[in-house]
Amino acid sequence: MTILILGFLIPLVGTSLGALLVFLVKKDINLNIKNLLQGFAAGVMLAASIWSLIIPAIELSGDNPYTCYIPAAIGFILGMLSLMVFDIYIAKKQKNVNMLNLAVVIHNIPEGLSVGVAFAAAMTGDAFIATTALALSIGIGIQNIPEGSIISLNLIPEKPKYKAFLYGVLSGIVEPIASVVAYLLMYYINPTMPYLLSFAAGAMIFVVVDELIPSSSGKLCNIGICIGFVIMMVLDVMLG
């Protein structure tokens, strides 16, 4: 039971560690640094969408090359459309921050579900599966460090640092909740995972192309995209 609780909480710990970075920056972020950070966020989200979400969604959909992409395509389109609808109704001045936060939270839900499913499978008593489930939780926790920082840093200077940190932590709370739900309802959640993963990918990529990249400019943004993409790609491949 201790390992189970630990496995569910590790991703939240990673998000919280990332959110702590907000205390290392000044109240007013320089425009160049902001462009770099937004580019970094875009790069992280693009890489996470591909390696953490779309590729696993296709792999979970079977080996038939003519049909395995269908759940991923459907989920991706629904994710994009959902964020488009949200985009219409959200307040303009808070648009970027709220859209970004929502996309990261949506992305965290299927990650939490995958951890819950992995630990539910591990309860069969297979030591290898249990070790794999714990490794998955640790990997997601490490991946969540840059994601937690993204939310908190993008709330500066609109929010005080302690509130920015709190919002960053709260964005990760959905993961242990989703893990518990998936653990209890594994046989109902598991078949829908390809759709949930690709839905989150669609939501994240919409934010990247509609908000983060258009609101940034210059070579620093491009450098940030490159750095964020490579770091997240390496983490996903090594720890996925």
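**Helix packing and nonpolar cores in the predicted model**

Asn35 lies in helix H2, helices being DSSP runs of H or I of at least four residues, numbered from the N terminus. The structure is a predicted model, in which local features need pLDDT of at least 70 and side-chain atom pairs count only at pLDDT 80 or more, whereas totals for chains, interfaces and linings use all residues. Residues are numbered from 1 along each chain as its sequence is written, and side-chain values use heavy atoms, with hydrogens and water left out. With a relative accessibility of 7%, Asn35 counts as buried (under 20% relative accessible area, against over 50% for exposed and in between for partly exposed, with a 1.4 Å probe and protein chains only). When neighbours within four places in sequence are left aside, Asn35 is in contact (heavy atoms within 4.5 Å) with Ser215, Ser216, Ser217, Leu220 and Cys221.

The largest nonpolar core, defined as a set of buried Ala, Val, Leu, Ile, Met, Phe, Trp, Tyr and Cys residues joined through side-chain atoms within 4.5 Å, has 44 residues, of which Met45, Leu83, Leu100, Val207 and Leu212 touch the most other members. At least two residues of this core are supplied by each of H2 (31-59), H3 (70-89), H4 (95-122), H5 (127-154), H6 (161-184), H7 (186-189), H8 (193-212) and H9 (219-239), and the largest share, 10 residues, comes from H8. Apart from this core lies another of 8 residues, among them Leu4, Phe119, Ala122 and Ile140. Met45, again leaving aside neighbours within four places in sequence, is in contact with Leu100, Ala103, Met204, Val207, Val208 and Leu212.

The axes of H2 and H8 come within 9 Å and cross at roughly 160°, where axes are lines fitted to C-alpha atoms, for helices over the stretch in contact, and angles run from 0 to 180 degrees between N-to-C directions. H2 and H8 are therefore roughly antiparallel to each other (over 145 degrees, with under 35 counted as roughly parallel, 65 to 115 as roughly perpendicular and the rest as oblique). Their crossing is left-handed, a term that applies if the near helix is turned anticlockwise from the far one by less than a right angle, right-handed applying if clockwise. Residues making the contact include Gln38, Met45 and Ser52 of H2 and Pro194, Met204 and Leu212 of H8. By class, this contact has 18 nonpolar, 4 polar and no charged residues, with Ala, Val, Leu, Ile, Met, Phe, Trp, Tyr, Cys and Pro counted as nonpolar, Asp, Glu, Lys and Arg as charged, and the others, Gly among them, as polar.

H3 and H8 pack at an angle of about 45°, with their axes 6 Å apart, and are therefore oblique to each other; the crossing is right-handed. Among the contacting residues are Ile74, Leu83 and Asp87 of H3 and Tyr195, Phe206 and Glu211 of H8, and the residues of this contact divide into 16 nonpolar, 5 polar and 3 charged.

Helix H1 (residues 2-19) and H6 have axes that come within 8 Å and cross at roughly 160°, which makes H1 roughly antiparallel to H6, and H1 passes H6 in a right-handed crossing. Ser16, found in helix H1, is buried with a relative accessible area of 18% and touches Phe165 and Val169, not counting residues up to four places away in sequence. The C-alpha atoms of Ser16 and Ser149, which are 133 residues apart along the chain, are separated by 8.3 Å.
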